[in-house]
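Colleague: I am new to this model and would like to go through it with you step by step. Could you begin with the terms that you will rely on?

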Amino acid sequence: MTRSLGLAFAFFLVSVAPAPAQKQTTVAGPVNFTAKSANIGESGIPIKISILRWSTDEERKPLVAALDPAAQAAAQAAAAAGGRGAGGGRGGRGGARGDQGAAAGLDPNDPTLADLVAQPRGGRGGRGGRGGDARPADPIAALTAALAKAPTVGYLWTSEVVGYSIKYAYRIPLPDGGERIILVTDRRLGAGTGGWKVAAGTPTDYEFTLIELRMDSKGSGEGKASLTSKVIFENEAKTLALDNYAATPAVLQNVKR
């Protein structure tokens, strides 16, 4: 009897003992936002954004590298070195590419570096020839190609039947407790409808859309997009961003988290 009581008491202690603390994840479930469209042909359209998770550094690297001047310069230098060392070969993708790419923070085995290097002018070239001179690749074309290969990390829904896949999701905390959130969709907002025609400004010709949300500490804010603004590489935050955010009209208002 005494032994049975002892076993029962031991079982009770184990059952009430606190469970080990679990590791925190980057995003514990989707992060959802609602908003209304503004300053476009059909203002007031309900918008829903669901971020399933933030993009990893490895996923972000090829997208950011497409617009990073340092990565582009390294790729061009690698192309030139490869052309000089290849004799009559292809002339644009020699062995020096790995060293130059590593200097820019790129994996030498990553095809991203090759995507940033222009095709040689001279084709294969003759035996003993230099193989042609490398020409700068179009950064926006490289970014568009990288977006096509990127995994989907969220979705954006408008009044259209089909939603938009989010291929880049990056969060930058602000000192006041707010946050900047950079999202890039794989298609241009409103490409199939006139509802997203901008009310002012010259439209860009991007096939994708970058959206920057700026939220306060209470989870409210606004969103601006690359519909009329250039997409740039922001060196300080190491991210894609909008050029001249302050002068860009908000296309998402009453953004709520």
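Modeller: A residue is called buried when its relative accessible area is under 20%, exposed when that area is over 50%, and partly exposed in between, with a 1.4 Å probe and only the protein chains taken into account. The model is predicted, so local features need pLDDT of at least 70 and side-chain atom pairs count only at pLDDT 80 or more, while totals for chains, interfaces and linings use all residues. Residues are numbered from 1 along each chain as its sequence is written, and side-chain values use heavy atoms, with hydrogens and water left out.

Colleague: Is Tyr 164 buried or exposed?

Modeller: Tyr 164 has its place in strand β4, which covers residues 164–173; strands here are DSSP runs of E with at least two residues, numbered from the N terminus. Its relative accessible area is 0%, and because the limit for the inner class is under 20%, Tyr 164 is buried.

Colleague: What distance separates the C-alpha atoms of Tyr 164 and Thr 209?

Modeller: Along the chain, Tyr 164 and Thr 209 are 45 residues apart. In space, the separation between their C-alpha atoms comes to 9.8 Å.

Colleague: How far apart in space are Ala 199 and Ser 43, C-alpha to C-alpha?

Modeller: Ala 199 belongs to the loop between β5 (179–185) and β6 (209–215), and with a relative accessible area of 63% this residue is exposed. Ala 199 and Ser 43 are 156 residues apart in sequence. From C-alpha to C-alpha, however, the distance between them is 9.7 Å.

Colleague: Phe 33 and Ile 51 are 18 residues apart along the chain, so what separates their C-alpha atoms?

Modeller: Phe 33 lies in strand β1, and at 1% relative accessibility Phe 33 counts as buried. Between the C-alpha atoms of Phe 33 and Ile 51, the separation is 8.5 Å.

Colleague: How many salt bridges does the structure hold?

Modeller: A salt bridge is counted when a side-chain nitrogen of Lys or Arg lies within 4 Å of a carboxyl oxygen of Asp or Glu. One of them joins the side chains of Arg 171 and Glu 179, at 2.4 Å from N to O, where Arg 171 is partly exposed at 36% relative accessible area and Glu 179 is buried at 6%. By this rule, the number of salt bridges in the structure is nine.

Colleague: Which residue meets Glu 222 in a salt bridge?

Modeller: Glu 222 is partly exposed, with a relative accessible area of 30%. Its partner counts as buried, at 7% relative accessibility. The N to O distance of this salt bridge is 3.9 Å, and the partner is Lys 224.

Colleague: Which residues do salt bridges that share partners join into one network?

Modeller: Within this network, the side chains of Arg 214 and Glu 212 meet at 2.9 Å, N to O. Arg 214 counts as partly exposed at 33% relative accessibility, whereas Glu 212 is buried at 1%. Joined through shared partners, the network consists of Arg 180, Glu 212, Arg 214 and Glu 234.

Colleague: How much space lies in the largest cavity?

Modeller: A cavity is a set of points, on a 1 Å grid over the protein atoms alone, where a 1.4 Å probe fits but cannot get out, and its lining residues have an atom within 4 Å of a point. Grid points are joined across faces, edges and corners, and the volume is the space filled by probe spheres set on the points. The count comes to one cavity of 30 Å³ or more. The space in the largest cavity is about 40 Å³.

Colleague: Which residues line the largest cavity?

Modeller: Ala, Val, Leu, Ile, Met, Phe, Trp, Tyr, Cys and Pro count as nonpolar, Asp, Glu, Lys and Arg as charged, and the others, Gly among them, as polar. On that basis the lining divides into five nonpolar, three polar and no charged residues. Those that line the cavity are Asn 39, Val 198, Ala 225, Leu 227, Thr 228, Thr 248, Pro 249 and Val 251.

Colleague: What value is phi of Asn 39 near?

Modeller: Asn 39 lies in the loop between β1 (31–37) and β2 (46–51) and is partly exposed, with a relative accessible area of 36%. Its phi is positive, in a residue other than glycine, and near 60°.

Technical notes: On a 1 Å grid over the protein atoms alone, a cavity is a set of points where a 1.4 Å probe fits but cannot get out, and a pocket is an open set with protein on both sides within 12 Å along at least five of seven lines; lining residues have an atom within 4 Å of a point. Helices (H or I, at least four residues) and strands (E, at least two) are DSSP runs, numbered from the N terminus.
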